[in-house]
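Subject: Handing over the structure

Hi,

Here is the structure I promised to pass on to you. My notes on what I found in it follow right after.

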Amino acid sequence: MTFQRSLTLLGPTSTESFGKELGRLLKPGSILLFHGEMGSGKTTLIKSICAGLGVQSEVVISPTYTLVNRYSGNQEISHVDLFRLERSKELQDFDREDLICEEGITLVEWPKLIIGMLEKDPLLHIRLEYREEQVRFLEMESDASHYALLFERSMLKDNPGEHKDLKGS
């Protein structure tokens, strides 16, 4: 079964509240793959997801030059950014444990080179698209039953088309 949802995030408060809720709903072993152009909001959403997992958002920075950052919150978090890599062969220098938190949460920006090594894992694809200043379109999709509860309980169920800026709620 394929789970899918899409919504429009209207403003940073909307993105923050959505990301925090998503973070709170993630189970150990979750691997989220973030797709989108530069400036589409991937790192901003990841900061909010980490906040939902008990990590202060100021600590979360994109690991563009280090490739991987680890954070400790309610669960261990691996934040991977593969923007600088051009070939999947460059990943051969890393063990799986260097990139993936088997018992925690893994968040991957620019994932196209790593997808091949994650074929048997529960993947949640998140696509972000810049629409206009302060407006992002988000699509989530997964074939993994690992995320069934997330799709059932998420605010996306209540409002599949649009998530308005919640003014701090």
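Before the first finding, one convention: a helix crossing is called right-handed if the near helix is turned clockwise from the far one by less than a right angle, and left-handed if the turn is anticlockwise. Please also keep in mind throughout that this is a predicted model.

**The two helices**

With that convention, the crossing of helices H1 and H2 is right-handed. H1 covers residues 12–25 and H2 covers residues 42–52; their axes come within 6 Å and cross at roughly 50 degrees. That angle is neither under 35 degrees nor in the range 65 to 115, so H1 and H2 are oblique to each other.

On the H1 side, the contact is made by Thr15, Glu16, Phe18, Gly19, Lys20, Leu22, Gly23 and Arg24, and H2 brings Thr44, Leu45, Ser48, Ile49, Ala51 and Gly52. Sorted by character, the residues of this contact are five nonpolar, six polar and three charged.

H2 also has a number of buried residues: Lys42, Leu45, Ile46, Ser48, Ile49, Cys50 and Gly52. How buried or exposed is Cys50? Its relative accessible area is 0%, and since anything under 20% counts as buried, Cys50 is buried. Apart from residues up to four places away in sequence, Cys50 touches Val55, Val60, Tyr71, Ile77 and Leu107. Pro122 is 72 residues from Cys50 along the chain, and their C-alpha atoms are separated by 19 Å.

**From H2 to the E3–E4 hairpin**

After H2 comes Gly54, with a positive phi near 90 degrees. The loop between H2 and strand E3 (68–72) holds two residues I would point you to, Ser62 and Leu67.

Ser62 has a relative accessible area of 25%, which makes it partly exposed. Leaving out its neighbours within four places in sequence, Ser62 is in contact with Thr43, Asn69, His79, Asp81 and Glu109. Leu9 is 53 residues from Ser62 in sequence, and the two are 21 Å apart in space, C-alpha to C-alpha.

Two of those contacts of Ser62, Asn69 and His79, turn up again as bridge partners, with His79 in strand E4. E3 pairs with E4 (residues 76–81) in the antiparallel sense over five bridges, and a hairpin of three residues joins E3 to E4.

Gln75 lies in the loop of that hairpin, between E3 and E4. Is Gln75 buried or exposed? At 16% relative accessibility, Gln75 counts as buried, because the limit is 20%. Not counting neighbours within four places in sequence, Gln75 is in contact with Leu26, Lys27, Pro28, Leu53, Glu103, Gly104 and Ile105. Gly54, mentioned above for its positive phi, is 21 residues from Gln75 in sequence and 8.2 Å away in space, C-alpha to C-alpha.

**E6 and its two partners**

Strand E6 (residues 123–132) runs parallel to strand E2 (residues 31–35), and five bridges join the two. One of the pairs there is Leu32 with Leu124 of E6.

E6 also pairs with strand E7 (residues 135–142), this time in the antiparallel sense and over seven bridges. In that pairing, Glu129 stands opposite Phe137 of E7. E6 and E7 form a hairpin with two residues between them, and Gln134 sits in the turn.

**Two residues with a positive phi**

Most residues other than glycine have a negative phi. Which residues are worth a look in that light? Leu67 has a positive phi of about 75 degrees although it is not a glycine, and Gln134 likewise has a positive phi of about 75 degrees without being a glycine.

Their surroundings can be set side by side:

- Leu67 is in the loop between H2 and E3; with a relative accessible area of 8%, Leu67 is buried.
- Gln134 is in the loop between E6 and E7; at 43% relative accessibility, Gln134 counts as partly exposed.

If you open the model, you could begin with the contact between H1 and H2 and then go on to the hairpin of E6 and E7.

Best wishes

Definitions and conventions
Residues are numbered from 1 along each chain as its sequence is written. This is a predicted model: local features need pLDDT of at least 70, side-chain atom pairs count only at pLDDT 80 or more; totals for chains, interfaces and linings use all residues. Side-chain values use heavy atoms; hydrogens and water are left out. Two strands pair if DSSP finds at least two bridges between them. Helices (H or I, at least four residues) and strands (E, at least two) are DSSP runs, numbered from the N terminus. Axes are lines fitted to C-alpha atoms, for helices over the stretch in contact, and angles run from 0 to 180 degrees between N-to-C directions. Angles under 35 degrees count as roughly parallel, over 145 as roughly antiparallel, 65 to 115 as roughly perpendicular and the rest as oblique. Contact means heavy atoms within 4.5 Å. Ala, Val, Leu, Ile, Met, Phe, Trp, Tyr, Cys and Pro count as nonpolar, Asp, Glu, Lys and Arg as charged, and the others, Gly among them, as polar. Buried means under 20% relative accessible area, exposed over 50%, partly exposed in between (1.4 Å probe, protein chains only).
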